[in-house]
Amino acid sequence: MAGGVMAGAPAKAAQLPATAAQASSTTAAVHTAVPTAANPLPSVDPVGDPANFSVLVNKSRPLNPVSYAPGDLVNARGSGQYLRAEAAAWLNGLFQGAADAGTGGLAVVSGYRSYAQQQQVYSYYVSIYGQAQADLISARPGHSEHQTGLAVDVGNANGSCGLSTCFGDTPAGIWVAANAHKYGFIVRYPNGYTNITGYSYEPWHLRYVGVDLATDMKRRGFPTMEQYFAGNPSVYASITSGADLVAADSSGRLLRYPAHGGGGYGVPTVIGSNWHGLKQAFVVDWDSDGVYDILAQWDNGTLGLFTGWPGGAFSTQIVVGTGDWDKMTITVGKWSAAERFPGVVGYFPDGGLRYYPNTMGRSLIYRVDIGSGWAGMGLTMADWNADGANDILATTTSGHLLSYPGNGNGGFAGLPLTVGSGWGTMKALVPSFGLSGPGTRSITAHTVDGYLVDYGLGAGAWGAQRQVGNGWNGMKLFK
């Protein structure tokens, strides 16, 4: 292709900016069920590898092979019930957290079951309740999460409400539902989602998916794995993942680089042409219909929307802003939880920062002044401190990277934090969701010498950094 060749391990390392090892947030958490990311859709396709902590197992997705048995089972808390080693280790933390919170403590009720054991359990329920009822409360052999070694049934330490929905109303059950994600667990079959999971409400059934995925589901408001991995309404949409990279090359071709979930990209596909005259562009679900759109900021002062179609391709341009948009430095995302749609934050050369709500999923009709003194800064919207509200990452003329904490309501929640230095060598910062696997967040930086460097995002701290591409001179990355 013209202008860029992806490379997983280049021979020459790029000059990377320094980052702060830790940065603590001074903001209060903002809790909302509304996904606040610029790209709020699930990140990657369902995981089928039975050894993967993120594997999706349900009535329509059996284990492969159906006789799968994990090889790293350990006795969980001396209970005589077994879990995979990592899940058992995090379960220790969860139990300690519940005890420290004064819930009365938890007990392990059930853990790993082999294919043969699950066959016995399922057959027993069929004999007692009939097959229709059994299918609501028990998995068929080969379809059980317990067979992965990642599922555990828990109960109150005093034995009350054992394997009963009343567990969800006890202090321990309430605490588990609110805090399990901190330890990498989710309540796999939440109340009110039987039509999605296929199973009745089970507040005691916890599934280990890892802290990244569990936290991402919690933060972005996805109560079930089925919903998280559902993707766009159509798998045929031109852009299907928040981890995919979209760019325009020097010949005006619009290219999509599909993320493969392991920290890299596949072979690009051409999804558009004649993309000349761009100042910058953004991949965002602008109309919140579950399909990614493109918001384009043109050198002629127009702000244009290209709505994505479920069957692929985009609409012709819908003008959502006219005038002097070419003179603005902007970033796009869900800046206010009160709004259904993502909006625009940006400034003119005078440095006055403005928020433009997108109230109807189309045009921008008014603005709110939210700051001053922003002249010369680069802007990227991302949830730096992982509190559920987007923040503004700003690069200064001296190369410092600052995080301005958002309050989730269209404004700021405190003073900025310096989270890095040496970022003056970056042409663009692109938020990514799921590049290194389900639930992972990162910022992909485009350096002035054509490298792509991905920086993992934790909760107010940087994760691993690695080079994911070179030869990107002449390419314009969509944010």
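1. A nonpolar patch here is built from residues with over 30% relative accessible area and no salt bridge, whose nonpolar side chains are joined within 5 Å. Please keep in mind that the model you are looking at is predicted. With that in hand, have a look at Tyr124, Ile128 and Tyr129: these residues make up a nonpolar patch on the surface, and together they offer about 350 Å² of accessible area. To find the patch, go to helix H2 (residues 115-129), where Tyr124 has its place.

2. Next, the aromatic rings. A pair of rings is described by how far apart the centres are and by the angle between the planes. The count for this structure comes to 22 aromatic pairs. One of them joins Tyr228 and Phe229 in an edge-to-face arrangement, with 5.2 Å from centre to centre and 90° between the planes. Tyr228 and Phe229 are both buried.

3. A tilted pair is formed by Trp325 and Tyr356, with centres 5.1 Å apart and planes at 55°. This pair links distant parts of the chain, 31 residues apart: Trp325 belongs to the loop between strand S14 (318-321) and strand S15 (329-333), while Tyr356 is in strand S17 (residues 353-356). Are these two residues buried or exposed? Trp325 counts as buried because its relative accessibility is 7%, and Tyr356 counts as buried because its value is 10%; the cut-off for buried is under 20%.

4. Two further ring features are worth a look. Trp275, Trp298, Phe306 and Phe478 are linked into a cluster by ring pairs. Elsewhere, Lys59 places its charged end over the ring of Tyr199, at 4.0 Å from the ring centre.

5. Now for the charges. Side chains of opposite charge can pair when their charged atoms come close. How many salt bridges does a search of the whole structure find? The search gives 14. One of the salt bridges is between Asp72 and Arg84, whose closest N and O atoms are 3.0 Å apart. Asp72 is in the loop between strand S1 (18-19) and strand S2 (73-75) and Arg84 is in strand S3 (residues 82-84), so this salt bridge ties together parts that are 12 residues apart in sequence. Asp72 is partly exposed, with a relative accessible area of 27%, whereas Arg84 is buried at 9%.

6. Glu145 and Arg188 also form a salt bridge, and here the closest N and O atoms are 2.8 Å apart. The two residues come from distant parts of the chain, 43 residues apart, with Glu145 in the loop between helix H3 (131-137) and strand S5 (151-156) and Arg188 in strand S6 (residues 185-189). Glu145 and Arg188 are both buried.

7. Lys327 and Asp324 form a salt bridge too, their closest N and O atoms being 3.6 Å apart. Lys327 is partly exposed at 44% relative accessibility, and Asp324 is partly exposed at 40%. As for networks, salt bridges with shared partners join Glu145, Arg188, Arg207 and Glu226 into one.

8. Finally, a glycine to inspect. Gly263 is found in the loop between strand S9 (254-257) and strand S10 (269-272), and it counts as buried because its relative accessibility is 11%. Gly263 and Ser436 are separated by 173 residues in sequence, yet their C-alpha atoms are 4.2 Å apart in space. Which residues does Gly263 touch, not counting those up to four places away in sequence? Gly263 touches Leu435, Ser436, Arg466 and Val468.

Methods: Residues numbered from 1 in each chain as written. Predicted model: local features only at pLDDT ≥ 70, side-chain atom pairs only at ≥ 80, totals over all residues. Heavy atoms only, no water. Phe/Tyr/Trp six-rings, centres within 6.5 Å; stacked < 30°, edge-to-face > 60°. Buried < 20%, exposed > 50% of the residue type's maximum accessible area, 1.4 Å probe, protein only. Helix = DSSP H or I, 4+ residues; strand = E, 2+ residues; numbered from the N terminus. Lys NZ or Arg CZ within 6 Å of the ring centre and 35° of its normal. Contact = heavy atoms within 4.5 Å. Patch = residues over 30% accessible without salt bridge, like charges linked within 9 Å, V, L, I, M, F, W, Y side chains within 5 Å. Areas by Shrake-Rupley, 256 points an atom, 1.4 Å probe, with all protein chains shown as cover. Salt bridge = Lys/Arg side-chain N within 4 Å of Asp/Glu carboxyl O.
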